[in-house]
Amino acid sequence: MALLSKKDANLILDPLADNNPITIQVLGICSALAITAELKASVVMAISVLFVLAMGNVVISLMRNIIPSKIRIIVQLIVVATLVIIVDQVLKAFAYELSKTLAVFVGLIITNCIIMGRFEAFALANGPWKSFLDGIGNSLGYGVILIIVGFFRELLGSGTLFGIPVLGDPITKTGLYATGYENNGFMIIPPAALIVVGIIIWVQRSRNKALIEDN
Amino acid sequence: MAVNTDKNSYTVIFAAIMVVIVGTVLAFIASSLSDKIAENERLEKQQNILYAMGINQNEGAGSVNFVPTENVAGEFSKFIKEQLVIEGDKITKDDQAYLIDLKKQATAAKNGDTRKLPVFIGDKDGAKYYIIPMRGKGLWDAIWGFIALDEHLVVQGVYFDHAAETPGLGANIKQRYFMDDFVGESILSGTQYAGIAVAKGNNDPLNKIKDDNEVDALAGATITGNGVSAMIKETMNLYKDYLETIRVN
């Protein structure tokens with residue numbers, strides 16, 4: 001028997017491609033624009049969201065029958081904020097260096113619409129195990145796009161990957177720069193992320209006609 | 001049996017219980033970890049001060065490497081010979097001066113009290129370093145740092161950090177390629193305390209010109225860069241009188 005039933009496996013696999021949170025559901029766009037100027041930040045954000053979304057989905061799913069529907073958004077917000085603050089405090093005490101890297105993401109995770117979006121759309125209506133898988137799947141789908149965008153923006157904008165120069169030195173003109181190549185400063189600013197995300201959506205839809213809506 | 005979760009009374013009770021539970025959990029975690037966090041922050045401050053005067057484990061031109069946390073206390077007492085607190089005309093020694101909270105001092109100054117200005121005097125291979133802490137505003141939140149000067153008021157090293165600047169843009173003020181540019185710049189322009197401006201388009205990306213009081217800015221991080229310029233300038237104004245007493249031409 002497979003580790004996961006086919007239905008459960010789809011909860012993880014669907015968001016990676018045909019139901020991707022960023023390119024199809026258009027959730028989590030704000031953070032995809034804000035922090036993808038470098039690859040390292042993309043990876044850190046992807047891991048943080050993975051943790052918070054999986055945990056949050058489980059907590060909300062366990063509480064789904066007792067949450068008053070009138071204040072459910074506030075309850076969701078409190079759950080995310082609490083989780084994020086706990087993680088931040090524990091890291092500050094036991095992995096101080098890492099917490100410095102994460103500090104800027106704390107606010108971004110709490111307000112990330114992908115988290116509230118999955119709580120609303122999935123965790124409130126499904127059991128904890130399914131919600132956990134949904135959380136993992138969606139954050140992976142989110143992370144994949146973040147990493148792709150971060151890869152292109154850092155490579156074309158700064159000529160580095162994970163901060164390591166890969167195209168030579170732009171100032172002393174070595175490597176690719178010796179041929180007259182220049183870094184594209186436009187890639188560093190947020191609108192460039194929108195263009196990269198747009199290209200990803202274009203590629204995805206042209207490969208999968210089922211995703212194109214009829215007008 | 002299902003409870004009627006739509007009733008107002010249920011909503012109010014639910015909210016109240018939730019607030020109490022979450023509040024208790026967070027308060028418990030915060031108070032049980034606060035000692036450890038404070039200790040981490042104290043050691044980090046020592047690492048930052050030593051970093052500014054060149055006591056670090058940097059290799060080549062790569063990333064920032066501090067003195068390891070386990071050695072920092074020893075190194076700090078070895079290299080930092082004196083810690084002074086300037087209060088108006090009065091200068092006192094205080095070996096806890098590095099713990100002075102600059103934000104509180106700025107608030108105190110606004111309320112009309114005399115601001116306490118800490119200075120750390122380091123000594124490495126006979127050379128003297130005057131290390132001055134700074135604090136200012138970036139785009140989103142606070143930025144701060146340390147600047148190490150010699151007796152000619154030429155920068156020997158800097159360290160910058162920030163609370164929440166944008167990763168990949170303003171957050172790069174704590175990267176080597178930005179901080180290293182400050183070394184060799186003078187904070188004086190003639191006899192004026194000009195500070196060092198983070199300048200766009202100064203046509204000196206390699207920062208070879210060391211007497212222009214300018215370093216090359218970071219692309220896409222104008223406001224953070226301006227914050228750094230303003231922070232250095234303000235700090236130098238505060239310390240002007242003291243720096244005059246140590247200045248050697």
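Student: What percentage of the 249 residues of chain B count as buried?
Tutor: Keep in mind that we're looking at a predicted model here. A residue counts as buried if 20 or more other C-beta atoms lie within 10 Å of its own. Going through the 249 residues of chain B with that cut-off, the buried share comes to 33%.

Student: And what share of chain A is buried?
Tutor: The cut-off is again 20 or more other C-beta atoms within 10 Å. Chain A has 215 residues, and the buried part of them is 35%.

Student: How many helices and strands does each chain have?
Tutor: Start with chain A, which has eight helices and two strands. Read along the sequence, its pattern is α-α-α-α-α-α-α-β-β-α. Chain B, on the other hand, comes to five helices and ten strands.

Student: What box do the C-alpha atoms of chain B fill?
Tutor: Let's take chain A as a warm-up: its C-alpha trace spans about 65 × 50 × 40 Å along its principal axes. Do the same with the C-alpha atoms of chain B, and the box is roughly 85 × 45 × 40 Å.

Student: Where does helix α1 of chain B bend?
Tutor: That helix covers residues 8–52 of chain B. Follow it along and you'll find a bend of about 50 degrees, placed at S34(B).

Student: Which residues of α1(B) are buried?
Tutor: Walk along the helix and pick out the ones that pass the cut-off of 20 or more C-beta atoms within 10 Å. You get F14(B) and N40(B), and then Q46(B), Q47(B), N48(B), I49(B), L50(B), Y51(B) and A52(B).

Student: Which residue just after α1(B) takes a positive phi?
Tutor: Step just past the end of α1(B) and check the backbone angles. There, a phi of about 90 degrees belongs to G54(B).

Student: How many bridges join β4(B) to strand β5 of chain B?
Tutor: Strand β5 covers residues 142–149, and the two strands run antiparallel. A hairpin of four residues links β4(B) to β5(B), and I132(B) stands opposite I147(B) in β5(B). Count the bridges along the pair and you reach eight.

Student: What is the bridge partner of I121(B) in β4(B)?
Tutor: Look at strands β3 (residues 116–124) and β4 (residues 127–137) of chain B, which pair antiparallel over five bridges. Their hairpin has two residues between the strands, and D125(B) takes a positive phi near 50 degrees there. Across from I121(B), the partner is Y130(B).

Student: Which residue in the hairpin of β1(B) and β2(B) takes a positive phi?
Tutor: Strand β1 (residues 80–87) and strand β2 (residues 90–93) of chain B run antiparallel and are joined by four bridges. I86(B) stands opposite I91(B) in β2(B). Two residues sit between the strands, and the one with a positive phi near 65 degrees is G88(B).

Student: Which helix gives the most to the largest nonpolar core?
Tutor: That core has 88 residues, and those with the most contacts inside it are A52(B), I131(B), F146(B), I147(B), A148(B) and V158(B). Take I147(B): beyond its neighbours within four places in sequence, it is in contact with A52(B), I132(B), M134(B), V155(B), V158(B) and I232(B). As for helices, the one giving the most, with eight residues, is α3 (residues 39–63) of chain A.

Student: How many residues of chain B are in contact with chain A?
Tutor: On the chain A side, 25 residues take part. On the chain B side, the number is 28. By type, those chain B residues divide into 19 nonpolar, six polar and three charged.

Student: How far apart are the axes of α1 and α7 of chain A?
Tutor: Helix α1 (residues 6–13) packs on helix α7 (residues 128–158) at an angle of about 35 degrees. From α1(A) come D8(A), L11(A), I12(A) and L13(A), while α7(A) brings K130(A), L133(A), D134(A), I136(A) and G137(A). The contact residues are five nonpolar, one polar and three charged. The distance between the axes is 7 Å.

Student: Why is L140(A) partly exposed and not buried?
Tutor: L140(A) lies in helix α7 of chain A, and beyond its close sequence neighbours within four places it is in contact with P15(A), L16(A) and L50(A). To be buried, a residue needs 20 or more other C-beta atoms within 10 Å. L140(A) has 19, so it counts as partly exposed.

Terms used: Residues are numbered from 1 along each chain as its sequence is written. Chains are lettered from A and ligands numbered from 1 in the order in which they are written. This is a predicted model: local features need pLDDT of at least 70, side-chain atom pairs count only at pLDDT 80 or more; totals for chains, interfaces and linings use all residues. Two residues are in contact if their C-beta atoms, placed from the backbone, lie within 7 Å. Ala, Val, Leu, Ile, Met, Phe, Trp, Tyr, Cys and Pro count as nonpolar, Asp, Glu, Lys and Arg as charged, and the others, Gly among them, as polar. Axes are lines fitted to C-alpha atoms, for helices over the stretch in contact, and angles run from 0 to 180 degrees between N-to-C directions. The bend at a residue is the angle between axes fitted to the seven residues ending there and the seven starting there. A residue is buried if 20 or more other C-beta atoms lie within 10 Å of its own, exposed if 12 or fewer, and partly exposed in between; C-beta atoms are placed from the backbone. Two strands pair if DSSP finds at least two bridges between them. A nonpolar core is a set of buried Ala, Val, Leu, Ile, Met, Phe, Trp, Tyr and Cys residues joined through C-beta atoms within 7 Å.
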